Every structure is written in C-alpha cells, then in structure tokens.
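Here is a friendly walk through one protein model, meant for someone who is new to reading structures. Keep the picture open while you read, and look up each part as it comes along.

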Amino acid sequence: MSAAKKKIIRNVKISGTGSYAPSGVYTNEYLETIVDTKAPWIYENLGIKQRHIVAKGETTSDLGAKAALKAIADAKLTPEDIDLIIFATTTPDMKAPSTACFVQEKIGAFNAGAFDVVAVCTGFLYAISLATDCLSNGNYKHILVIGADTFSTITDWTRRDAVFFGDGAGAVVLSRIEDESGFVISKVGADGRGKMIWHIPAGGSQHPIDENTAKDRLQYWQMDGKGIYNTAIRVLPQVISEVLSDSGLKMEDIKYMVPHQPSLKILKKTAELINFDFDKVLTNMDQYGNTSAASIPILLDETNKAGKLTRGDNLLFAAVGSGMAWGAMILKW
Ligand SMILES: CC(C)(COP(=O)(O)OP(=O)(O)OC[C@H]1O[C@@H](n2cnc3c(N)ncnc32)[C@H](O)[C@@H]1OP(=O)(O)O)[C@@H](O)C(=O)NCCC(=O)NCCS
C-alpha cells in the first residue's frame, strides 16, 4: 500500500441516495432445504437471516436503474443533469457493453458518459473515490455512482457457501459544490498476490466458456473463506487507521462506520482491533446478506432515509474483498 498522504477534497458532497432490492427472498430456513447448512450457524457466524434474490430475467441494470432514479430524485435533479455514470459490479448484464450503458438508457441520462468498475466487494468504494477526484478537478458537476450485484446468478446453489450473498443495488449522486464546506478523503489498496482467494474461474480469456465449463461448474465463484477472513482483519484496520491519520480526525470524531457487509465476525474483529465502539458500526446483512458492490450504498440510503444522519456527521466507509482489494473513506455528510 502506498504510504503517500491523501488530500482532503472540500468541494464535493453527496446530494442524493437511493437503493432497491428485488422482491424475492431466500431465508436461512429455505437454504437448509437445498444445501448442507444450518440456519442458526448462518445467523450466528455471518449475521444473515435472509437475502434478496432476483427473479428470472431481472438484471443487475434493472436493480441499478431503480436505485439510480431514487438517488437522482433525492438530489432534486433529473437524469439529464448527470454528467457521468460509474457502475460498480461483478455481475454485469453482459460482458459488453458496460452495465453503466444499460442504465444510462433505462433512466434516460443521455448527457452522461458511462463505464463500469470491477473491484468486487470494494467496487463501490473504488467508484466513489474515483468520482470525488473527478468532481474536485472541476470537469464534472454531478456524478451518479451505482453499486449493484446479482450474485445469485453466479452462485453454485448446490454448495453450502451459497449462504453468503444476496442481490441488490444502491446509488448516490455526488455533486461539486462551489464553497469549501465538504470533506472527503479516501484510500484504496490491493494485493494481486491474493487474487485466487475469491474468483470466478471461467468466462474470461484465461478460461473461455467451452463445452466443459458448465459440467465442471466453473462459471460459479469459488472462495477460500479463511483466506478472506485473515486478509480482511489485517487490511481493514490498516487502511482505516491510515485514512483516519491522513484526515487529521480521531476515532471519536466518527459518527458511524458504514462498512461493506462481509460477515459479522469480520466486522466485530475489525472494530475490536481499531478500538471502535461496535454500536457505531452499522449493519443490515441480516436482511440482505453480502450484496458485494451494493452493500455500502444500500446501508447508506437506509441510514439516510431513517433520518439518522445530520449535516456535518463524519461517516467512515470501509470495504474489502476479492482482488484482494480494500479501501476506506471518511466523508462529512
Ligand atoms: C467461511 C467461514 C465462516 C468458515 O469458518 P472457518 O472457521 O474459517 O472454517 P471451517 O471450515 O473450519 O468451519 C468452521 C465450522 O463452521 C461450519 N461451517 C462452515 N461453513 C458453513 C456453512 N455454510 N453452513 C454451516 N456450517 C458451516 C463448519 O462445518 C465448521 O463446523 P465444526 O466446527 O462443527 O466442524 C469463515 O472463514 C469466514 O467467515 N470467512 C469470511 C468469508 C467472507 O466473509 N466472505 C465474503 C466476503 S467476499
């Protein structure tokens, strides 16, 4: 990870949030009937009670577009006001074009450029970090950042690790402001030596789809759970400490941690290691499971709409996942 101190961006704010989850639900009790697992184990270890699952034919861009329209309305803007769409996902509608282009058409944001970011569970954090840099440089006024995934479409529903993920979408509109009343600082990192800890073997140039792919079930993600846990509890405390130090703030200045939702165990251990009160760590994995790139924006939207945020609150975002890739951001609401 680079040791360079990050700059505080003061002319950017979040002007709207939105989220959407499909109506289908798989409870832990339902999963007990299809894979070798136990509902109490899932809740105690992962913190999950249920996850939302797309209907057949319902796509990542369908979810993303619904979340995006809510975020744009919340910002009191129209789709024509959006200059750029950045879509974080690992489950695009198609390999090409970008899912951002599907959304651009669905919401009618024809003044916007559009592209995807792939950083799996850290995708949204990478995307908002990039968006704040683009805005602060003055070339854009409003950027729509969407995190959406439909991991149910890449999960092997015969294996017990199918319990981890769910489908959903969250979005924010980030806007440039004319004064210096904002405060955003972020740091992202990666270590490609851990790239196989969570991966999807087939469908890329290394292993194109062929007649054996489905037979060997290589289109589904594979995970080394212990590898993820051990990496997560090492890199999350490190990147959080670094971003906090660069910000000049102290742990007690943070109102809430709004983290990605990998598992309760990872979040509890991280909070313990950085000495952060777990009551201030927001979670919603009980209702959604891990929705990968959608986790942080869904949680942020729910917190916002519940009226829990006051202007000036310092929020800490943090995420880790496949890559391995990770990041943290402090943003003044
Ligand atoms: C997956 C994880 C829970 C496994 O725990 P572990 O202690 O490392 O691994 P083990 O395979 O030794 O399993 C421990 C126990 O849990 C049980 N277990 C593991 N997965 C299970 C599942 N899906 N359902 C029910 N029980 C399960 C095992 O049977 C074992 O039980 P036992 O102690 O009675 O034998 C843990 O590594 C983890 O949380 N990793 C992080 C994964 C993650 O967050 N992924 C998403 C982010 S990308």
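The report goes through the sheets, then the helix pairs, then the ligand and finally some unusual spots in the backbone.

Please keep in mind that this is a predicted model.

**The sheet of five strands**

Let us begin with an open sheet of 5 strands, whose order is β1-β7-β6-β4-β5 and whose pairing is mixed. Which strands stand at its edges? They are β1 (12-20) and β5 (113-117); each has a single partner strand, so one side of each is left without a neighbour in the sheet. On average, and with direction ignored, neighbouring strands here are turned by 20° against each other.

Now follow β1 to its partner. Strand β7 (residues 167-176) runs antiparallel to β1, and 8 bridges join the two. To find one of these pairings in the picture, look for V12, whose bridge partner in β7 is R176.

A helix also belongs to this scene. Helix α5 (residues 123-136) lies across β1, β4 (84-88), β5, β6 (142-150) and β7. With respect to β6, helix α5 runs at about 170°.

**The sheet of four strands**

Another open sheet is formed by 4 strands in the order β8-β13-β12-β11, again with mixed pairing. Here the edge strands are β8 (184-190) and β11 (254-259), and each of them pairs on one side only. Neighbouring strands of this sheet are turned by 10° against each other on average, direction ignored.

How many bridges link β8 and β13? There are 7, and the two strands pair in the antiparallel sense, with β13 covering residues 325-332. A good place to look is I185, which stands opposite I330 in β13.

This sheet has a helix across it as well: α9 (residues 295-305) lies over β11 and β12 (314-321). The angle at which α9 runs to β11 is about 140°.

**Two pairs of helices**

Next come two helix pairs, set out in this table.

| Helix pair | Angle | Axes |
|---|---|---|
| α3 and α4 | about 55° | 9 Å apart |
| α6 and α7 | roughly 40° | within 9 Å |

Take α3 (residues 60-74) and α4 (residues 99-107), which pack at an angle of about 55°. That angle makes α3 oblique to α4. Their crossing is right-handed. On the α3 side, T60, S61, G64, A65, A68 and L69 make the contact, and on the α4 side the residues are T99, F102, V103, K106 and I107. By class, the residues of this contact divide into 6 nonpolar, 4 polar and 1 charged.

Turn now to α6 and α7, whose axes cross at roughly 40°. This makes α6 oblique to α7. Is the crossing left-handed or right-handed? Helix α6 passes α7 in a right-handed crossing. From α6, the contact uses Y229, A232, I233, L236, P237, I240 and S241; from α7, it uses K265, I266, K269, T270, L273 and I274. These residues divide into 9 nonpolar, 2 polar and 2 charged.

**Around the ligand**

The helices α6 and α7 turn up again when we look at the ligand. There are 21 residues around the ligand, and those that come nearest are T37, R160, G225, Y229 and P262. Which elements give two or more residues to this shell? They are α2 (39-46), α6 (225-247) and α7 (264-274). The largest share, 4 residues, comes from α6. You may recognise Y229, which is among the residues nearest the ligand and also takes part in the contact of α6 with α7. Sorted by class, the shell has 10 nonpolar, 6 polar and 5 charged residues.

**Unusual spots in the backbone**

Most peptide bonds are trans, and most residues other than glycine have a negative phi. With that in mind, some places in this model deserve a look.

The peptide bond from A96 to P97 is cis, with omega near 0°. P97 sits in the loop between β4 and α4. Another cis peptide bond runs from G323 to M324, with omega near -15°. M324 belongs to the loop between β12 and β13.

Finally, what is the phi of K76? K76 has a positive phi of about 60°, although K76 is not a glycine. You will find K76 in the loop between α3 and β4.

Terms used
Residues are numbered from 1 along each chain as its sequence is written. This is a predicted model: local features need pLDDT of at least 70, side-chain atom pairs count only at pLDDT 80 or more; totals for chains, interfaces and linings use all residues. A residue is near a molecule or strand if its C-beta atom, placed from the backbone, lies within 6 Å of it. Ala, Val, Leu, Ile, Met, Phe, Trp, Tyr, Cys and Pro count as nonpolar, Asp, Glu, Lys and Arg as charged, and the others, Gly among them, as polar. Two strands pair if DSSP finds at least two bridges between them. Axes are lines fitted to C-alpha atoms, for helices over the stretch in contact, and angles run from 0 to 180 degrees between N-to-C directions. Two residues are in contact if their C-beta atoms, placed from the backbone, lie within 7 Å. Angles under 35 degrees count as roughly parallel, over 145 as roughly antiparallel, 65 to 115 as roughly perpendicular and the rest as oblique. A crossing is left-handed if the near helix is turned anticlockwise from the far one by less than a right angle, and right-handed if clockwise.
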